[in-house]
Every structure is written in structure tokens, then in C-alpha cells.
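Reader: Hello! I would like a close look at one part of this protein, the place where its domains meet. Could you walk me through it and then show me how it fits with the rest?

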Amino acid sequence: MYRIFLLDIDNTLLDFDAAEEQSFKKMIQSYDLEYREEMLAQYKQMNRHLWDLLEQGKIGRDELLNTRFSQFFGLYDVEISGEEAEGRYRKYLGNSSQLMPNTKETLVRLKEMGKQLYSASNGVYSTQIQRLEQAGLLHLFDGMFISEKVGYEKPSLQFFQYCFKNIPNLEKGKTIMVGDSISSDIQGAVNAGIDSCLFCPSDPPLLSGATHTIQNLSELLNF
Ligand SMILES: [Mg+2]
């Protein structure tokens, strides 16, 4: 039985794919450019590559945030300030808080069961707080561990050491990391020596290294 839940936010509690698509489209249109379907896939590929570099510690967070859109617009020979585009995108993103199925019911029930809930997210602090608040989830958390504030990204051991230092009555054996990413959430739990749960609404992979795999968040109530 786990008592302490470290919960990833994007595509675990909140539907980041939906939020990203909506915010990206609005940002493109805010420059009076015509939005085309293939733009999202192009951007996602470039963004994923930058996040991989960030998780490997090869680039910094500011570099990622301030160059991803200038790189993308470069494909279309449009010169914009990457930093300014990031600001517009982030404003839209902060207002996007679509929930994944069963998120709220599950978190409310876990709280009723006396569990300690913490967010553990690679993201921008103010954006993540705003989105959780809008989704009506913020009050359910005992603490927020967001990489921008922590100073380290998942899957680094330092990220988890920061969490452990700030969790009252920590018991690593009763702590579990729940998330949708093998490279950051599951690998992070392995690095930190705690159990993990891969949330995979579609076909789960055969080998993920996770202690548990679930397809529906409500399965956490059995833990
Ligand atoms: Mg995620």
C-alpha cells in the first residue's frame, strides 16, 4: 500500500495534447498566419528533440523555451522573436486545463483515503499551477514539485532528492511515481529507488521497467 503519490501532470492528470494543440493553433493565428494541420506535427517533432536534449542535460530550459518557436517559424521563413512567441503560447496554455478521464474523482478519493499527493512535473511553475487551479485540482495537493522551481528535471536523481527532502514523514518504500513517460517518470523512479506506475491509456508497452502499468487513473485506488 502506497501512502505518498508523486504525480506527473501532463498527459497523466491533464490532457496536454489537447491543450498544446489548441494553444499552438491560437499562437500561430495571433501572428496572422494561416494554420495548417501539418504544422503541429512539425513543431512537436522539433520540440520533442529539444526536450530530449533538456532531459539529457545538454541544453537549458531557457534555451528550449526561447528558441523552439523561432526554430519552427524558420521552416516557413518567418522571422519572429522566439521569446515573444513563447509568451503568447504560454498565455494560451495557462488557460487550457482539460482533464484526463477520471482524474478528479480519483484524486478526491485518494485524499479521502489519507494519501499524500504531490505533483512532480517538468514544466513552468506558474503555468502548471494555473492549469491545476483552473481544473479544480490544486487544493488536492500537499505540495508541488515543478522542475522550474526544483532546479532539476525528471529523470535526474536531484529532482527526486529535492522532493524527498520536502515531503514530511517520507518513506521511500511507500512512495510511488505515477506518469505517462518512460524516459522521465519511470526512469526517474528507477534512479531514485522508488516504485513506479506507467499510465498508458492506449496499448501498454511490453517492457517499460515500471513496477505497475495502468490504463485508467482510477486503478490507483487499488494501490
Ligand atoms: Mg507526462
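Author: Happy to; what follows starts with the domains, moves to the helices between them, and then turns to the core and one serine.

Please keep in mind that this is a predicted model. The protein is split into domain 1 (4-15 + 99-222) and domain 2 (16-94). Taken over C-alpha atoms, the centres of domain 1 and domain 2 are 25 Å apart. Where the two touch, domain 1 supplies 13 residues and domain 2 supplies 10 residues. On the domain 1 side, helix 6 and helix 9 (182-192) are the elements that give two or more residues. Helix 6 gives the most there, with three residues. By character, that side of domain 1 has three nonpolar, five polar and five charged residues.

Let us stay with helix 6 for a moment. Helix 6 (residues 125-134) meets helix 4 (residues 82-94), their axes coming within 9 Å and crossing at roughly 25°. An angle under 35 degrees counts as roughly parallel, and helix 4 and helix 6 are therefore roughly parallel to each other. From helix 4, the contact uses R90, L93 and G94, while helix 6 brings T127, Q130 and R131. Sorted by type, the residues of this contact of helix 4 with helix 6 are one nonpolar, three polar and two charged.

Now for the nonpolar core. The largest one has 43 residues, and F5, L6, I176, M177 and V178 are those with the most contacts inside it. Helix 1 (residues 16-30) provides the largest share of this core, five residues. Both domains take part, since the core draws at least three residues from each of domain 1 and domain 2. L6 makes a good example: leaving aside neighbours within four places in sequence, L6 is in contact with Y118, A120, C163, T175, I176, M177 and V178.

Finally, the serine. S208 sits in the loop between strand 5 (195-199) and strand 6 (212-214). With 16 other C-beta atoms within 10 Å, S208 is partly exposed. Not counting residues up to four places away in sequence, S208 touches I182, I186, L198 and T213. Two of these names will help you find helix 9 again, as that helix covers 182-192. The C-alpha atom of S208 also lies 9.5 Å from that of S181, although S208 and S181 are 27 residues apart along the chain.

Notes:
Residues numbered from 1 in each chain as written. Predicted model: local features only at pLDDT ≥ 70, side-chain atom pairs only at ≥ 80, totals over all residues. Axes fitted to C-alpha atoms, helices over the stretch in contact; angles between N-to-C directions. Helix = DSSP H or I, 4+ residues; strand = E, 2+ residues; numbered from the N terminus. Parallel < 35°, antiparallel > 145°, perpendicular 65-115°, else oblique. Contact = placed C-beta atoms within 7 Å. Nonpolar A, V, L, I, M, F, W, Y, C, P; charged D, E, K, R; others polar. Core = buried A, V, L, I, M, F, W, Y, C linked by C-beta atoms within 7 Å. Buried ≥ 20, exposed ≤ 12 C-beta atoms within 10 Å, placed from the backbone. Domains from an automatic or database assignment.
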